[in-house]
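Trainee: I have a new model open in the viewer and would like to go through it with you. Could you take my questions one at a time?

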Amino acid sequence: MMRTVSTTEIEKCVYRLARKAGLTLTDSCRRALENAEALEQGAAKFALHTVLENERCAQKEQMPVCQDTGMAVVFIELGQEVCLTGKPLSVAVDNGVRYAYADGNFRKSICDPLTRINTGDNTPAHLHTEIVEGDKIKITFLPKGFGSENMSRLYMLTPADGQSGIIDAIVNTVKEAGSRPCPPVYVGVGIGGTFDSCALLAKKALMREIGSEHPREDVRAIEEVALGRINALGIGAQGFGGRVTALGVSCEVASTHIAGLPVAVNIQCHCVRCETEVL
């Protein structure tokens with residue numbers, strides 16, 4: 001039996017998620033920053049302390065945790081036994097974003113790529129949908145700032161590059177970014193797929209909790225080695241130097257062509273914001 005859900009409910013959910021994400025870090029990000037603060041000293045320790053104090057102030061004053069309240073990236077896993085009614089899904093998602101950014105006094109950052117004319121309400125959102133089994137709707141809101149997004153890279157490696165080539169690509173991306181993406185960063189990596197789907201995998205990797213482990217041992221090994229090499233770079237919090245340049249590296253993989261090895265590295269700043277709700 002099909003379950004009927006009005007897209008108005010999705011609009012309300014996106015609104016709730018956007019408002020919350022704009023004000024707070026994820027729990028795993030906060031823990032990772034606290035752990036990093038305990039490891040550091042000097043300017044890096046002060047920078048991390050300030051970042052954590054900033055979030056406490058943001059929640060207390062109900063103000064954005066970062067001035068770049070980001071491009072609205074929305075992932076929806078739609079159960080195949082759900083029948084949507086009402087306005088189109090994309091309209092409902094954009095309405096949720098529009099009203100949340102207005103009511104939260106969040107910065108509106110979305111513009112035409114050529115004219116640079118701002119849309120004025122932070123829409124349209126970038127909506128990714130996936131049909132899954134069941135009668136539930138899982139909605140994830142990931143606001144993505146562009147100080148870090150601009151530092152992201154896509155590599156079309158050859159199969160001969162192998163795991164060492166993948167790790168080199170991840171580490172070199174962070175090294176070249178330096179202090180620009182507001183480290184300590186969180187690194188999402190897509191491995192495999194095609195030119196376009198690889199980048200989406202990297203974005204999905206940023207939805208994982210920092211510190212979570214991939215079920216595949218070989219993928220875990222890439223994450224661990226890459227993280228160790230990144231933190232050995234010494235860039236540190238806000239570029240002040242130190243032991244923690246990255247809070248974590250998370251990889252997602254997909255089957256690819258025998259002739260290719262796509263690798264996408266999506267950089268997230270220290271301000272990891274991601275909220276999920278199931279309807």
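Mentor: Gladly, and let us fix one term before we start: helices (H or I, at least four residues) and strands (E, at least two) are DSSP runs, numbered from the N terminus. Please keep in mind that this is a predicted model.

Trainee: Which elements each supply at least two residues of the lining of the largest pocket?

Mentor: The largest pocket has a volume of about 600 Å³. Of its 26 lining residues, those closest to the centre are Thr140, Met207, Arg208, Cys274 and Thr276. The elements that each give at least two residues to this lining are helix 2 (27-39), strand 2 (71-79), strand 4 (126-132), strand 5 (137-144), helix 7 and strand 10 (275-278).

Trainee: How many charged residues are in the lining of the largest pocket?

Mentor: Sort the lining of the largest pocket by class and you find 8 nonpolar and 7 polar residues. The charged class in that lining has 11 residues.

Trainee: Which element gives the largest share of the lining of the second largest pocket?

Mentor: The second largest pocket holds about 360 Å³ of space, and two elements, helix 3 (42-61) and helix 5 (146-149), give two or more residues to its lining. There are 20 lining residues, and Cys66, Gln67, Cys182, His270 and Cys271 lie nearest the centre. By class the lining divides into 9 nonpolar, 8 polar and 3 charged residues. The largest share, 5 residues, comes from helix 3.

Trainee: Let me turn to the sheet. Which strands are the edge strands?

Mentor: The open sheet has 4 strands with mixed pairing, in the order 6-9-7-8. From one strand to the next, the twist averages 15 degrees. An edge strand here pairs on one side only, and that holds for strand 6 (153-157) and strand 8 (246-256).

Trainee: In strand 9, what is the bridge partner of Leu157?

Mentor: Strand 6 and strand 9 (residues 261-268) run antiparallel and are joined by 5 bridges. Follow the pairing from Leu157 into strand 9 and you reach its bridge partner, Leu261.

Trainee: Helix 7 lies across which strands?

Mentor: Begin with helix 6 (residues 162-177), which lies across strand 6, strand 7 (185-193) and strand 9, at about 30 degrees to strand 9. Helix 7 (residues 195-205) runs at about 145 degrees to strand 7. The strands that helix 7 lies across are strand 6, strand 7, strand 8 and strand 9.

Trainee: Is the crossing of helix 6 and helix 8 left-handed or right-handed?

Mentor: Helix 6 and helix 8 (residues 217-231) have axes 9 Å apart and pack at an angle of about 35 degrees. Among the residues that meet are Ile166, Ile170 and Val174 in helix 6 and Ile222, Val225 and Ile230 in helix 8. The contact has 9 nonpolar, 1 polar and 3 charged residues. The crossing of helix 6 and helix 8 is right-handed.

Trainee: In the contact of helix 1 with helix 4, how many residues are nonpolar?

Mentor: The axes of helix 1 (residues 7-23) and helix 4 (residues 89-103) cross at roughly 35 degrees and come within 8 Å, in a right-handed crossing. The contact residues include Ile10, Val14 and Ala18 of helix 1 and Leu89, Val93 and Val97 of helix 4. Alongside 3 polar and 3 charged residues, the nonpolar ones in this contact number 11.

Trainee: What is the handedness of the crossing where helix 2 passes helix 3?

Mentor: Helix 2 and helix 3 pack at about 145 degrees, and their axes are 8 Å apart. Residues in the contact include Leu33 and Glu37 of helix 2 and Leu48 and Leu52 of helix 3. By class, the contact has 6 nonpolar, 2 polar and 5 charged residues. Helix 2 passes helix 3 in a crossing that is left-handed.

Trainee: One last item, on the backbone. Where does Pro184 lie?

Mentor: A cis peptide bond joins Thr123 and Pro124, with omega about 5 degrees, and Pro124 is in the loop between helix 4 and strand 4. The peptide bond from Pro183 to Pro184 is cis too, with omega near 10 degrees. Pro184 has its place in the loop between helix 6 and strand 7.

Key:
Residues numbered from 1 in each chain as written. Predicted model: local features only at pLDDT ≥ 70, side-chain atom pairs only at ≥ 80, totals over all residues. Heavy atoms only, no water. Pairing = 2+ DSSP bridges. Axes fitted to C-alpha atoms, helices over the stretch in contact; angles between N-to-C directions. Contact = heavy atoms within 4.5 Å. 1 Å grid on protein atoms, 1.4 Å probe; cavity = no way out; pocket = protein on both sides within 12 Å on 5 of 7 lines; lining within 4 Å. Points joined across faces, edges and corners; volume = space filled by probe spheres on them. Nonpolar A, V, L, I, M, F, W, Y, C, P; charged D, E, K, R; others polar. Left-handed = near helix turned anticlockwise from the far one by under 90°.
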